[in-house]
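Me: I'd like to go through the cysteines in this one. Can you take me from the numbers to the labels, step by step?

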Amino acid sequence: MAMRHGVGARQIVWATLAGLSQSVVGCDDATNVSQVRPREVQTSRDRAGVKMPKELWVTSQGSSVIFIRNFENLSPIDKIDLPSGAGPHIVTFHSPDFAYVGGMTDGKVYIIDANTRQVAYSVQLAPTLVHQVKVSPDGATALVSIIGARALTRMFVDEANRSWSVGPSLDIGTATGKAPVCTAFRADSRRAFVSLNPNGIAVVDVPSMTLLSQIPTDGFIACGMIKSDDDHVVIASAGSGGHIYTLDMTTETLIDRGAVGAASWHSFAMTADGTRGFGSSPLSDEVIVIDLTTTPVAKLATLRFDQIPGVGNNQPDAFGGGEPNYGNVLPVGLRAAGNVAVVNAHNLELRSIVNLAPPAPFNPMTCGPVGAPTASGGCAVHGVTPRPRQ
């Protein structure tokens, strides 16, 4: 069997995980299911000044809690309780000091002082379904994707002075007939590339908040947009079971890199050197490992989670917060099981797993509650975001 990067092109079924389901302890206790190996040397792409995170922030949309765990072994550090019914979905950071959180259930933006663990600012932007808050590279602007209102709202940001305010909105729904999901910025912060549901990318002029164009894609991207350098983003869409592209943000064009095939598709992450990708297939409980060095890209392996027996009872979803992996650590949120796992991104061994919340019913398209926003449910866990260090 041909080997790529030390991993054969094969399915890796962690059969022991089914047996480990009895060892995955109750809410708020960590379990180490394999020996944690020393961190491998950082790749050449990693800047010398970048340090491994100490904290992993994990959202529980169903219980409106943010769990703060050790980045490498998932041991407990802290917990933040947001207002009941907030429905936190994704956490993003611009600096290590403030966390930006969208309230999928209550339609608010929450900006949290990451040092004091207190909400520094919150604002109501919609009745519900505030999905992602993303700050621009220059730190002056945040774009908020609001799925329910199909709007993209600009916020003015001044972290140094602890100042945030709401600016103009772009009616993406009227302009495209689609809803905005997640954002990637060009290095100069003047262009935003916004993934759309059910497909495509909106190109937005940030200073004027106008739609410039749409870039078609084969299916839904969700938040699977990872910057490989200042002007390029690697993208995975749901079409063809995982269609990989590179977006050139200077020319505003896509390079088609081929498809890998998966039962379903949601999130995407990749190693910092850009050689290996990871795609989540929630409905089959799998993580697809992708060789990004070939043209077209190739499937290296399939990692299956089965802590709760039965297909679709675990559902790996979000990875790592929208940035390349730090070192060899791949965090995986298992939205249906309420578990979070850490996988070694190089040798594909499961390092640690923890149960944070009991399973809860949810809408698989939004991770939101079943029925009206005030109904019970919402993903037991969703966003898994490293808090950066400087």
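**Disulfides and burial**

Reply: Sure. In this predicted model, Cys182 and Cys223 are joined by a disulfide, with an S to S distance of 1.7 Å. Cys182 sits in strand 16 (residues 179–185) and Cys223 in the loop between strand 19 (210–215) and strand 20 (225–229), so the bond ties together parts 41 residues apart in sequence.

Me: What makes Cys182 count as buried?

Reply: Buried means under 20% relative accessible area. Cys182 has 2%, so the label fits.

Me: And why is Cys223 called partly exposed?

Reply: Its relative accessible area is 24%. Partly exposed covers what lies between the 20% and 50% cut-offs, so Cys223 belongs there.

Me: How do you know that Cys367 and Cys379 form a disulfide?

Reply: Their sulfurs are 1.9 Å apart. The rule asks for a pair of cysteine sulfur atoms within 2.5 Å, so this pair qualifies. Both cysteines lie in the loop between strand 31 (350–355) and strand 32 (384–389), 12 residues apart. Cys367 and Cys379 are both buried.

Me: Why is the disulfide of Cys367 and Cys379 called left-handed or right-handed?

Reply: The torsion about its S-S bond is about -80°, so it is left-handed.

Me: How many disulfides are there by this rule, and what pattern do they follow?

Reply: There are two. Counting bonded cysteines along the chain, the pattern is 1-2, 3-4.

Me: What surrounds them, in terms of secondary structure and burial?

Reply: The protein chain has two helices and 32 strands, and 58% of its 390 residues count as buried.

Methods
Residues numbered from 1 in each chain as written. Predicted model: local features only at pLDDT ≥ 70, side-chain atom pairs only at ≥ 80, totals over all residues. Heavy atoms only, no water. Helix = DSSP H or I, 4+ residues; strand = E, 2+ residues; numbered from the N terminus. Buried < 20%, exposed > 50% of the residue type's maximum accessible area, 1.4 Å probe, protein only.
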